[in-house]
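Morning, everyone. Please have the sequence and the model open in front of you, and follow along as I go.

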Amino acid sequence: MRINDPAPAPATSGSRLAARLSAAAPLLLIASIAARLAWTYLVPTGANFVDLHVYVGGAATLGRPGELYDYVYADQTPDFPLPFTYPPFAAVVFYPLTLVPFGLLALVWQLGIVAALYGVVRTSQRLLTVAPRHDARRVAMLWTAVGIWTEPLRSTFDYGQINVVLVLAVLGAVYSSRWWLSGLLVGLAAGVKLTPAVSGLYFLGARRWGAAVFSAVVFVATVGLSLLVVGDQARFYFTDLLGDADRVGPVGTSFNQSWRGAISRILGHDAGYGPWVVAGIVVTAALALLAWRAVGGAQDRLAAIVIVQLFGLLLSPISWTHHWVWVIPLMIWLLHGPLARRLGARVLGWGWLALSLVGVPWLLSFAQPTIWEISRPWYLAWAGLIYPVATLVTLAWVAASPRSRRSREPSARPCR
């Protein structure tokens, strides 16, 4: 170094810690996966895979007329026999699972969840509009290691859920510039579980007309295939069962973090889509639109799709905690995105991480007499607003972020 060269900036304690964590990322990820598997198989209440049992049991009824939506799994849930609540196309997709011994399937399923979570993190990184400060792959390993223990992922592992795969499909659709691939991914995801259909709002807002139309075409094709394979049960689902939230589960349980669930707990009865729930949805929609404009719409693809999905989670009649996998991309955007240097982004990002690691809805579940009883003490009812309120605060902060300041934020190539 020449004398006139500027001296390198001294390393801060934060940068040294980040460097050490980055170096240890592979080992931390392996340790986290091992701990998760140990929890599953060594702790008596580690995991019951009830939803995976429903996937397999429901799919096994194919070929037996009239049985798909009469099927229930009650071996581990006697107080709530779990029906097959998914579109009939899901039973077709899940049918190959019936050919695998369940013990082996459960192990592979857990490893698949980890792989899908890593894919969610890496795709989120690629959608960022700023360059990474550290090795992106190692940072992704760290996010995966920590993400395994957030409440949305804990319940995903416990129940053997599929939501992480669906989130990955939607992020892949946003990342791809091919209209047919984006439409295919969202259409198939909506065919398996209706909730990803809200992603069509992103396509419309981004003016990706081809992807929007093709996703609808693919979804209709999944319905048509279901009618051919499943027959009357497919017609029964789309004419009688669609929209029946009571069949999906107890609306008032603390695990339901939608507006309908939150307002129902406060009122002490199922609020349906009454005036208070509609008011919450309208406020959310307004803040989401303002936040969309504040981030420049689809110019910031990760922010845009997260905004759409947060609105969808509060709009849905039931949004179980394992539906809230979208908090992982949200935290990545807050802590690594174009606004990451702002105090508000750091407070919200670390706040969501603490909230999801603690699992407030899970803690509240211990205080409710049963999952079916909606009425509860006022302090438990209002505490059950935690995810909706955190979402409104996040959307409001993003909406209030001045564009003039954002334009001065450092930006660079997308994360690879």
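**A walk from one valine to the core**

Let's start with Val92, which counts as partly exposed because its relative accessibility is 22%. Buried would need under 20%. Keep in mind throughout that this is a predicted model.

Where does Val92 lie? Val92 is part of helix H3. Leave out residues up to four places away in sequence, and Val92 touches Leu62, Val229 and Val230. Now look at Val192. In sequence, Val92 and Val192 are 100 residues apart. In space, their C-alpha atoms are 9.1 Å apart.

Val192 brings us to helix H8. Val192 is one of the buried residues of H8. The others listed are Ser182, Gly183, Val186, Gly187, Ala189, Ala190 and Gly191. What covers them? The cover includes helix H3 (88-94), helix H7 (163-175), helix H9 (200-205) and helix H10 (209-229).

Here is a quick check on H8. The helix runs over residues 179-192, which is 14 residues. At 1.5 Å a residue, H8 should span 20 Å. The C-alpha atoms at its ends are 20 Å apart, so the two values agree.

Next, Phe94. Set aside its neighbours within four places in sequence. Phe94 is then in contact with Tyr55, Ala59, Phe84, Ile162 and Val192. There is Val192 again.

Now the core. How many residues does the largest nonpolar core have? It has 105 residues. Phe84, Phe94, Trp259, Trp333 and Trp352 have the most contacts inside it. Helix H15, residues 301-315, gives this core its largest share, 11 residues. A second core is separate and has five residues, including Ala245, Val251, Phe255 and Ile318.

Trp333 leads us to helix H16. Trp333 is one of the buried residues of H16. The list also holds Val327, Ile328, Pro329, Leu330, Met331, Ile332, Leu334 and Leu335. Why call H16 largely enclosed by the rest of the structure? Because nine of its 10 residues, 327-336, are buried.

**Out to the charges**

How many salt bridges are there? The count is four. I'll take three of these pairs.

Pair one is Asp232 with Arg235. Their side chains meet in a salt bridge, 2.4 Å from N to O. Both residues sit in helix H11, residues 232-241. They are three residues apart, about one turn of the helix. Here is the general rule: an α-helix has 3.6 residues a turn, so residues three or four places apart point the same way. Asp232 counts as exposed, at 55% relative accessibility. Arg235 is partly exposed, at 43%.

Pair two is Asp270 with Arg260. Their side chains form a salt bridge of 2.9 Å, N to O. Asp270 lies in the loop between helix H13 (259-267) and helix H14 (275-294), while Arg260 is in H13. The pair therefore ties together parts that are 10 residues apart in sequence. Is each partner buried or exposed? Arg260 counts as buried, with 10% relative accessibility. Asp270 is partly exposed, with a relative accessible area of 28%.

Pair three is Asp135 with Arg138. In this salt bridge the closest N and O atoms are 3.9 Å apart. The cut-off is within 4 Å, so the pair counts. Asp135 is partly exposed at 38% relative accessibility. Arg138 is partly exposed too, at 28%.

**Two loops and a patch**

Two residues have a positive phi, and neither is a glycine. For Phe49, phi is near 55 degrees. Phe49 lies in the loop between helix H1 (13-42) and helix H2 (50-59). Phe49 counts as buried, at 7% relative accessibility. For Arg207, phi is about 60 degrees. Arg207 lies in the loop between H9 and H10. Arg207 counts as exposed, at 64% relative accessibility.

Last stop, the surface. Which residues make the nonpolar patch of about 460 Å²? Tyr95, Leu99, Val100, Leu104 and Val108 make it. Val108 lies in helix H4, residues 102-127. Val108 is partly exposed, with a relative accessible area of 48%. A patch residue needs over 30%, so Val108 passes that cut-off.

That's my tour. Over to you for questions.

Key. Residues numbered from 1 in each chain as written. Predicted model: local features only at pLDDT ≥ 70, side-chain atom pairs only at ≥ 80, totals over all residues. Heavy atoms only, no water. Patch = residues over 30% accessible without salt bridge, like charges linked within 9 Å, V, L, I, M, F, W, Y side chains within 5 Å. Areas by Shrake-Rupley, 256 points an atom, 1.4 Å probe, with all protein chains shown as cover. Helix = DSSP H or I, 4+ residues; strand = E, 2+ residues; numbered from the N terminus. Buried < 20%, exposed > 50% of the residue type's maximum accessible area, 1.4 Å probe, protein only. Expected span 1.5 Å × (residues − 1). Contact = heavy atoms within 4.5 Å. Core = buried A, V, L, I, M, F, W, Y, C linked by side-chain atoms within 4.5 Å.
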